[in-house]
Amino acid sequence: MNLALPILVPVLPALGAAAGLATGRRYPGLARPLAVLPVAVSAVLALVTALQLGTGSTLDAGTRLAPTGGPDISLALHLDGFSSLISVLVGLVATCVQVYSTAYLKDDPRYPSYAALVSLFTAAMFLVVYSGDLIVLLVGWEVMGICSYFLIGHHWETADARTASLKAFLVTKLGDVPFLFGLFLLGADAGTFRITDVLHTAATGGLQHPTLIALLLLGGVAGKSAQFPLHTWLPDAMAGPTPVSALIHAATMVAAGVYLVARLLPVFLLSSAALLVLAVLAAVTMVGSALCALAQDDLKRVLAYSTVGQLGYMTGALAAGDRQAAVFHLVGHGAFKALLFLTAGVVIHAAHTNSISAMSRIEGLRHRVPDAYWTMGIALVALVGLPPFTGFFTKESVLTAAEHAAHGEALTGTLGPASAVPAAAGWTVLAAGLLTALLTAAYAARFWLVAFHARPVAAPADAPYSPEIDEADPAHAEPAAMRWPLWVLALPTMGFGLLGLRTDWLPALLDGEPLRPATATMVLGTGAAVAGLLIGYAAWRTAAARAAAAPPVRVPPQAGPPAAETLTAPAAPPAAADPGRLLLGPLYGPAQHGFGVDRLYSALFVRPTRAAARLVRFLDRAVVETYVRGAGAAPGWLGRAVRLAQTGNAQGYLNALLAGAVLLAVLVAVGS
């Protein structure tokens, strides 16, 4: 293979980002081609590289970048089926996001910097995927962190965006601290940072601290991939532009943590304790995030909690020792989650609100955005996991992996001993996965029915507005640049999962194990999804009946576009008619606020830190500055005292001399 092709894949978006930042203000007309073309070419090169590499082949090349006195740092490439598949996903989603953004943010004055940062974000993820050295991978890992900070805070004039960007940066950096120590310890134990050599050392039992290394690495993974307890930044990150959310949730940032564990899974297989910890975190993440999604009114927060739960499926598969199932779900989820966010952007663009309950009051919303309506339906079916859509096959691969692990038959292949995967980890992931499948179907049905199929009435006057929406005519809310990426992503959403049935290609591209769903988990998983849909539908019908029974009230016309035409609305507040409230009961309030995890962090960390800061400020001002001011003032006081004594009167000097002599004489007489 020509090494120039894989090298150009991360380099081209980086060059496009540099050119966009350099020319954006002076030549704004170049911003769009500099945003789209380099990323699109990289996507094509990633596909060509994957096709040239083929199945069952690897490419490992590199050169020493810097001597360290210990393990060397190498500028290395490591390509195999996993990296090829994920790089194609990254290129596809990033290209769709860039094209979509040209219309979605067409009037945004900061579009050139936004587009350049998206390109840099994409280049960083390509670097993580292709890197054969852990330190170089860390560079891409951290570049993504700073890009997410700027992109989430793109609308920095709003307090929510500023707070969300800062929170995302700090929470992910909190996880990166143990992650960094884990990488250093791994390199010290293995004597190298080259991934292939590290995996060889792990396979031969050469690592001295596998449990400590795995647990430290999990800190960074929990932060980057938004797993409990470092998941709280991702729902708040919805303050950023919707295309950025699609990129973060589908192909970059959160996917990096899952990819890293999949790449280093032989290290984790050396520690049953680390796998069990990962399984518990995945289970808590899956179930907790699904409950939270069921209680959210903000469309993007529903999708954000959905992403957290689906990432829990991926980490659950890794805890069961099956990286093939984890990456299969990662790629399938990337397609339909990018589609969900981009369709959500179209809906927000037309409805001028993120609120699901407010959307239910807009007459004919689904007819205003027909492409988004149907493609969102496709993506939601895939999210629920119904056949024959992609989500069915990828979710079932995770449940099958958990079932095998529960029975002591983990499909670790040649990665490590299957006995290293605790049966408890398999049962934990399997039970949580089935419950999450039911809850996922319930909140998907709730959102779909409430947003698009409720009784159409006027939008409330106080409906919240999104800061990034374009003030276009709602009748033309789907320009071509926002429409065709939806159908491009709909194709893998509908068909990618079927590739898992072909044992001669996709499984051969990965670890070679079959990806066909097991009968038992297929029946249980599909049954849970269908039950969730029926429960969500029943709750919606009950809530709609309650809303219809309430007497109508007049609603003033909406302050912004589109103008309200109907002046009646149900008197019952949206929360009272929310199907999520009916389903969750007393859990609705806690779930709506993320079960108080942020409040707990505020009580345990934020408030004590602020109190300590106030104490330090007091000590600095009242104690340290007092000494400093005293040290400066004392010579002045002494000088003034001495100056008062220097009167220039000779008689006064003689009198003082005489008084001193008399005083000395008295002291001598008394002493003798």
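**Exercise 1. Disulfides and cysteines**

Task: In this predicted model, determine how many disulfides there are, and decide whether Cys96 and Cys292 are buried or exposed.

Solution: The criterion to apply is a pair of cysteine sulfur atoms within 2.5 Å. By that rule the count comes to zero disulfides. Cys96 illustrates the result, since the nearest cysteine sulfur, that of Cys147, is 20 Å away. For the second part, the cut-off for a buried residue is under 20% relative accessible area. Cys96 has a relative accessibility of 2% and therefore counts as buried, and Cys292, with a relative accessible area of 4%, is buried as well.

**Exercise 2. The surroundings of Gln98**

Task: Place Gln98 in its secondary structure element, classify its burial, and state which backbone atom its side chain reaches.

Solution: Begin with the element, which is helix 3, spanning residues 81-104. Next, the relative accessibility of Gln98 is 0%, so this residue counts as buried. The side chain of Gln98 reaches the backbone oxygen of Ala115 at a distance of 3.2 Å. Finally, once neighbours within four places in sequence are set aside, the contacts of Gln98 are Ala35, Val36, Val39, Tyr111, Ala115, Val118 and Ser119, so that Ala115 appears both in this list and as the residue whose backbone oxygen is reached.

**Exercise 3. The hairpin**

Task: Describe how strand 1 and strand 2 pair, and say which residue in the turn has a positive phi.

Solution: Strand 1 (residues 59-66) and strand 2 (residues 73-79) run antiparallel to each other and are paired over seven bridges. One bridge joins Ala66 to Ile73, the latter lying in strand 2. The two strands form a hairpin with six residues between them, and within the turn Gly69 has a positive phi of about 85°. As for burial, strand 2 is mostly covered, with six of its seven residues buried.

**Exercise 4. The largest nonpolar core**

Task: Give the number of residues in the largest nonpolar core, and identify the residues with the most contacts inside it.

Solution: This core has 201 residues, and Trp233 and Leu264 are those with the most contacts inside it. The largest share of the core comes from helix 15 (residues 323-351), which supplies 18 residues. Leu264, apart from its neighbours within four places in sequence, is in contact with Leu134, Leu186, Ile195, Leu199 and Leu217. In soluble globular proteins, nonpolar side chains tend to be buried together.

**Exercise 5. Helix 11 and Ile378**

Task: State how many residues of helix 11 are buried, and then find which residues Ile378 touches.

Solution: Helix 11 (residues 254-263) is mostly covered, ten of its ten residues being buried; among them are Val254, Tyr259 and Arg263. Turning to Ile378, its place is in helix 18 (residues 370-384), and its relative accessible area of 14% is the reason why Ile378 counts as buried. Not counting residues up to four places away in sequence, Ile378 touches Phe389, Trp487, Thr493 and Met494. Arg502, by C-alpha to C-alpha distance, is 23 Å from Ile378 in space and 124 residues away in sequence.

Key. Residues are numbered from 1 along each chain as its sequence is written. This is a predicted model: local features need pLDDT of at least 70, side-chain atom pairs count only at pLDDT 80 or more; totals for chains, interfaces and linings use all residues. Side-chain values use heavy atoms; hydrogens and water are left out. Helices (H or I, at least four residues) and strands (E, at least two) are DSSP runs, numbered from the N terminus. Buried means under 20% relative accessible area, exposed over 50%, partly exposed in between (1.4 Å probe, protein chains only). A polar contact is a pair of N or O atoms within 3.5 Å; within protein, one must be able to donate a hydrogen and the other to accept it, and residues adjacent in sequence count only if both atoms are side-chain atoms. Contact means heavy atoms within 4.5 Å. Two strands pair if DSSP finds at least two bridges between them. A nonpolar core is a set of buried Ala, Val, Leu, Ile, Met, Phe, Trp, Tyr and Cys residues joined through side-chain atoms within 4.5 Å.
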